[in-house]
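Biologist: Please take a close look at a single residue and its setting, and then place that residue within the chain as a whole.

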Amino acid sequence: MIENYLNKITQGDCLALLHNIPDNSIDVTFADPPFNLNKKYHTTKDKLALQEYLDWCQIWLGEMVRITKPTGSIFVHNIPKWLTFYATFLNEIADFKHWISWDAPSSPMGKTLQPSHYGILFYAKVAKENKFYEIRYQHKRCRKCGYLHKDYGGKKMALHPFGPLVSDVWTDIHRVKHNKYRDEHPCQLPLHLLERVILMSTDEGDIVLDPFAGTGTTALAAKRLGRNFIGFELDEQYQQIAESKLAQEKADSKIGQVWVSFFLEKVATMRNVDWEELAPHYIIPTAIQQVDQTAIVARNGHKEVRQVENSVNLPQERLFALP
Ligand SMILES: C[S@@+](CC[C@H](N)C(=O)[O-])C[C@H]1O[C@@H](n2cnc3c(N)ncnc32)[C@H](O)[C@@H]1O
């Protein structure tokens, strides 16, 4: 049955569609559901009574865990209020790994602290078997002088030339604000947020499923990184936007043979295990302390542009290989 849904966005209600996905068949499930905040979606409603919303969430959360492989991971993005309920439920059926705090300020609401992060719950289906890769992001630097923001003091010899390991607080990925990057959708996620999730939890050819695909961010990220994907979306207009974006996208987010995530012509996320293979693509100061004041530079020029000449249109049998 998976073949019917593979590498496309299917229009329909995810509760019905998820029934058609076999147990233990998906490597990673990622959900960014409606937040029940009365958002103006094109057709779908976003305002249920509290218990009705939670009962509904419990059904698809259970389905996500059911279809995820024992080696796989379950990610759920939402505001902290709903994640507290989700965690209570998920703790019974999967293994908690992280509450990732994604630093993304919203507007002050009055008489409360200003909400400034979204959470991404990260569960392993089975902790002992979970597939996970450590990831790195670029050092944060002063925009004017180029020096590292963080003071490494006497530990400069231990500096990683590219950047630190990513923690459970993500401050380097910003919400999609510019209209030129936005689709006609009220809550599109940034592509490189999903690329980070996918790099950390999957391998090339794995399957990523998103039951609330919106305009296709998860699917696009998966395709760019040579993964298979399955997307469900209730709204026909969003499903069509997603499909037309996917038709123009290639599996080419690489430097050499290494999958990486780009943002504004720079690498935003790479896997730690890939550094050895990536390092020759950079000019790195021989005295490592100099990384303190000078960013490493890609050898192909000053911009780490996506390598069109490296773009690998994966052989069909690889891209569509099923478990
Ligand atoms: C928060 S948005 C997801 C946005 C998506 N992450 C993106 O970056 O485009 C939630 C989406 O779920 C869709 N939706 C709501 N109820 C659904 C259902 N029962 N089945 C499938 N999709 C649904 C909405 O139309 C909306 O596009």
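Modeller: What follows starts from Ala219 and moves outward to the ligand shell and the chain. This is a predicted model, in which local features need pLDDT of at least 70 and side-chain atom pairs count only at pLDDT 80 or more, while totals for chains, interfaces and linings use all residues. Residues are numbered from 1 along each chain as its sequence is written.

Ala219 lies in helix α5, residues 217–224, where helices are DSSP runs of H or I with at least four residues and strands are runs of E with at least two, numbered from the N terminus. Ala219 counts as buried because 29 C-beta neighbours lie inside 10 Å; the cut-offs are 20 or more other C-beta atoms within 10 Å for buried, 12 or fewer for exposed, and partly exposed in between, with C-beta atoms placed from the backbone. Beyond its neighbours within four places in sequence, Ala219 is in contact with Ile9, Asp210, Ala213, Phe229, Gly231, Ala242 and Leu246, a contact being two such C-beta atoms within 7 Å. Glu195, 24 residues away in sequence, is 9.9 Å from Ala219, C-alpha to C-alpha.

Turning to the ligand, 22 residues surround it, the closest being Cys14, Asp32, Phe212, Gly214 and Thr217, with a residue counted if its C-beta atom, placed from the backbone, lies within 6 Å. The elements giving two or more residues to this shell are α1 (14–18) and β9 (228–233).

As for the whole, the protein chain has eight helices and 15 strands, and buried residues make up 35% of its 323 residues.
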